[in-house]
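User: I should like to learn how to read the features of a model, starting from a single residue and its surroundings. Please show the sequence and the structure before we begin.

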Amino acid sequence: MLLIGSGIWKDEATVKSMSRYGNYRELLKGPLYYAITVTLACVVYWRTSPIGIAALCNLCAGDGLADVVGRRLGRKKLPYNRNKSVAGSVAMATAGFLSSVGYMYYFSYFGYIQEGWGMILHFLVVSLASALVESLPISTELDDNLTVSLTSIFIGSLIF
């Protein structure tokens, strides 16, 4: 991504598949932040930390579904950010939370983490905070892949 995004290496198929507007420089923002988050979550938090679960689930499931739902059902816009919808924000919090809980049960089944209602509540807090930050106008200027990831890791570090 760094080579393609900086223009050193040409790969139009990759640019088309990973950018919204077909500009190779886009790969240095959202897609790069996404790849960094996934890599760091796996290296630092792999299997034994709910922080990694929350970061990945809020970014992948939450933010991913927010875009789809927001575009299809997002008629009612948020009063503080007309670029975001209530439906997209609700979808983000819900998908991030439910996928986090699902992965908690998955990893606890193999003995990597200890499941519990406290952890479920913490996943809810992280997912709500991530959805709130993603809905702010700053997430339009800064890439939401960055703000969602940093919020999940920061809040997760405070409460887990």
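User: Which residues does Ile113 touch, not counting residues up to four places away in sequence?

Analyst: Contact means heavy atoms within 4.5 Å. Apart from residues up to four places away in sequence, Ile113 touches Arg47, Thr48, Ser49 and Ile53, together with Met104, Phe107, Ser108 and Met119. Please note that this is a predicted model, in which local features need pLDDT of at least 70 and side-chain atom pairs count only at pLDDT 80 or more, while totals for chains, interfaces and linings use all residues. Residues are numbered from 1 along each chain as its sequence is written, and side-chain values use heavy atoms, with hydrogens and water left out.

User: Which residues of the largest nonpolar core touch the most other members?

Analyst: A nonpolar core is a set of buried Ala, Val, Leu, Ile, Met, Phe, Trp, Tyr and Cys residues joined through side-chain atoms within 4.5 Å; buried means under 20% relative accessible area, exposed over 50%, and partly exposed in between (1.4 Å probe, protein chains only). The largest core here has 14 residues, and Ile113 is one of those that touch the most other members. The others so placed are Ile53, Val101, Met104 and Phe123.

User: Which helices each supply at least two residues of this core?

Analyst: Helices are DSSP runs of H or I with at least four residues, and strands are runs of E with at least two, numbered from the N terminus. Helix H4 (50-73), helix H5 (86-109) and helix H6 (117-135) each supply at least two residues of this core. The most comes from H6, which gives 5 residues. There is also a second, separate core of 6 residues, and its members include Leu59, Met92, Ala93 and Val148.

User: Where does the UniProt record place the transmembrane regions?

Analyst: UniProt positions follow the numbering used here, feature names are shortened, and annotations may be inferred rather than shown by experiment. The unreviewed entry annotates residues 86-106 and 112-133 as "transmembrane region". Residues 86-106 are 100% helix and 0% strand, and their end C-alpha atoms lie 30 Å apart. Over residues 112-133 the chain is 77% helix and 0% strand, with 29 Å between the end C-alpha atoms.

User: Is Asn58 buried or exposed?

Analyst: Asn58 counts as buried because its relative accessibility is 0%. The residue is placed in helix H4. Leaving aside neighbours within four places in sequence, Asn58 is in contact with Asp63, Met92, Gly96, Phe97 and Ser100, and also with Val126, Ser127, Ser130, Val148 and Ser152. Asn58 lies 13 residues from Tyr45 in sequence and 15 Å from Tyr45 in space, C-alpha to C-alpha.

User: Ser152 appears among those contacts. Which residues does Ser152 itself touch, not counting residues up to four places away in sequence?

Analyst: With those neighbours left out, Ser152 touches Ala54, Ala55, Asn58, Val126 and Ser130. Ser152 lies in helix H8. Its relative accessible area is 0%, so Ser152 is buried. Along the chain Ser152 and Ala13 are 139 residues apart, and their C-alpha atoms are separated by 31 Å.

User: What is the relative accessible area of Thr147?

Analyst: Thr147, which is also placed in helix H8, has a relative accessible area of 9% and is therefore buried. Beyond residues up to four places away in sequence, Thr147 touches Val133, Ser139 and Leu142.

User: How is a backbone angle read, and what is the phi of Arg47?

Analyst: Most residues other than glycine have a negative phi. Arg47, although not a glycine, has a positive phi of about 65°. Arg47 is found in the loop between H3 and H4. Arg47 is partly exposed because its relative accessible area is 33%. Arg47 is also among the residues that Ile113 touches.

User: Where is Met18 placed, and with which residues is Met18 in contact, leaving aside its neighbours within four places in sequence?

Analyst: Met18 is in helix H2 (residues 12-18). With those neighbours set aside, Met18 is in contact with Met1, Leu27 and Pro31. The relative accessible area of Met18 is 33%, so Met18 is partly exposed. Met18 and Leu65 are 47 residues apart along the chain, and 17 Å separates their C-alpha atoms.
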